[in-house]
Amino acid sequence: MSNLNELYQEILLEHNNKPRNFRKLEDANRQADGYNPLCGDRITLYLKVEEDVITDVAFQGVGCAISRASASMLTQSVKGQTLDKAEEIFDGFHTMITEPEAEVDYDALGDLEMLSGVSAFPTRIKCAILAWHTLHAALAGQGDAVTTE
Amino acid sequence: MSTASGSFDVARIREDFPILKQRINDKPLVYLDNAATGQKPQAVIDALVNYYTCENSNVHRGVHTLSQRATDAYEGARSKVRQFLNAADDREIIFVRGTTEAINLVAQTYGRENIGPGDEIIISAMEHHSNIVPWQILGQETGAILKVVPINDDGELLLDEYEKLLSPRTKLVSIVHQSNALGTINPVEQIVELAHRRGVPVLLDGAQSVAHVPVDVSRVDCDFYVFSGHKLYGPTGIGVLYGKAELLEAMPPYQGGGEMIRSVTFEKTLYNTIPNKFEAGTQNIAGSVGLGAAIDYVANLGMDNIAAYEQELLTYGTRRLAEIGPLRLIGTARHKGSVLSFVMENAHPHDVGTILDAEGIAVRTGHHCAQPLMDRFEVSATVRASLAFYNTKEEIDALVHGIDRVIEIFSR
């Protein structure tokens, strides 16, 4: 399979066409904006955190297929997880797309494994990571928009 | 490889550009990002090597032979620029780092001296950030106000709206000659004439036009014209500010240092005459020599021939892209340069760019440093294929083929 086919896998394109949890979360208690100034991708991530658990998560925004699919998969993977577990998933995801040779626990990543093809496209890693930086900002309660720069 | 009518032999011209011979992702490189920077002919590369091999020294200083050679090369490049722009005098050519520095120079010298609180600067809706932000900075410092000439849906400047904006408060008009994101070529002679009728000077941003349109600053009668060498197939880090001598002479210096002075004591410094007054410190001598070689190269091909061939490519490209259903061209001015900016129905420009790159095709994707313009067209980004005289119809066919691949991938 070519790098390109590995990047634009069907599941990724399906998340792009029909992103999950793509809405405003009215009862969110954490929220952050992410922005990639290079390409203009923008995302708003909404979280509902109760005790130490992310009980609900949703997003809105505009962006390329990679950033949209990544955000969509993020909402699926962290929903219902503890904050520590969400952090673990983020670490695993980050390793997968930035260190193609490293060992990664794919079971913990679920659909996110479909984004592994991004590692062959250094110019697109920022697209894939935007939603995750935004998640960090939302959990840390930072008010300013995070950027990929 | 296709050959244009007349004496324009593209196959032979391509031989002059070593970078075009390479393969990218196992495909022949199709370089369609010329609005970002142009590729360099061997003559420019050779000029740089020759300068450092045989002439390198500092200019205007030593009595030794090499210093004289370097000075001759540097001042020779200035003459070539003067001739290329048809300026009246070599002293009206200031070497700078590029378009951005030239605009900042005018804002910080002419602007600070002549533009005050409540005064107005007119720009247009299609400006690059480099012709917006320097004026905003000046506005913050002086209280001057930016006025923006609107454009229509084809990306054409609304001249009557421009005329309405000209007022007794207008102190400067700063407008792009050819839009980097749309390709629109503005009616600069009319723009200048309307401003001059009210005694308002005009700066033209020539970053794009210099490489695609024959430029004659004496005929257009603009007060400032600025461009970057690297878009004119020269080296990076060298550019030009053309200014009418009487304006440049009255302007305070931009940076202080060596070369720009006549005499220095701790009490008082007398400034040098133009152009040296604006060239503090050791300049990019090699860059200016490379720019001179680039000007020789394009002048030899003939700017009229270049413009005519690129129009032929543009017409062909516009027709081919118009055949693609889910594609919308952004920038359809009647008078435009060889830029094909577009968006696609289901695929984001970044995804289009990645897929085209896999086909060896280099395009620019993003907001093209023109975010207010993107807002005007209600898009966050576009794909931009920008053509130069070494591009061919076959390369446009390759672009169309690449776009077909995008459609195929995104309709899975």
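Student: How many bridges join strand β13 of chain B to β14(B)?

Tutor: Three bridges join β13 (residues 327-329) to β14(B), and the two run antiparallel. Two strands pair if DSSP finds at least two bridges between them, so with three bridges β13(B) and β14(B) count as a pair. Strands are DSSP runs of E with at least two residues, helices are runs of H or I with at least four, and both are numbered from the N terminus. One caution: this is a predicted model, where local features need pLDDT of at least 70 and side-chain atom pairs pLDDT 80 or more, while totals for chains, interfaces and linings use all residues. Residues count from 1 along each chain, chains are lettered from A and ligands numbered from 1 as written, and side-chain values use heavy atoms, without hydrogens and water.

Student: Which residue of β14(B) is the bridge partner of R328(B)?

Tutor: That's V343(B). β14(B) also has four bridges to β17 (residues 382-386) of chain B, again antiparallel, and there F342(B) partners V383(B).

Student: What makes β14(B) "mostly covered"?

Tutor: Six of its six residues, 339-344, are buried, a word that means under 20% relative accessible area (exposed is over 50%, partly exposed in between; 1.4 Å probe, protein chains only). In a regular strand the side chains alternate between the two faces of the sheet. Here V339(B), S341(B) and V343(B) are buried on one side, and L340(B), F342(B) and M344(B) on the other.

Student: On to helices. Why is α12(B) called oblique to α14(B)?

Tutor: α12 (residues 349-358) and α14 (residues 393-410) of chain B pack at about 120°, with axes 9 Å apart. Those axes are lines fitted to C-alpha atoms over the stretch in contact, and angles run from 0 to 180 degrees between N-to-C directions. Under 35 degrees is roughly parallel, over 145 roughly antiparallel, 65 to 115 roughly perpendicular, and the rest oblique. About 120° belongs to the rest, so α12(B) is oblique to α14(B).

Student: Which residues meet there?

Tutor: D351(B), V352(B), I355(B) and L356(B) of α12(B) meet residues of α14(B) including L399(B), G402(B) and R405(B); contact means heavy atoms within 4.5 Å.

Student: What makes β4 and β6 of chain B edge strands?

Tutor: Their open sheet of seven strands has the order β4-β10-β9-β8-β7-β5-β6 (chain B), with mixed pairing. β4 (93-96) and β6 (145-149) each pair on one side only. For β4(B), four bridges lead to β10 (residues 239-243), running antiparallel, and F95(B) stands opposite V240(B).
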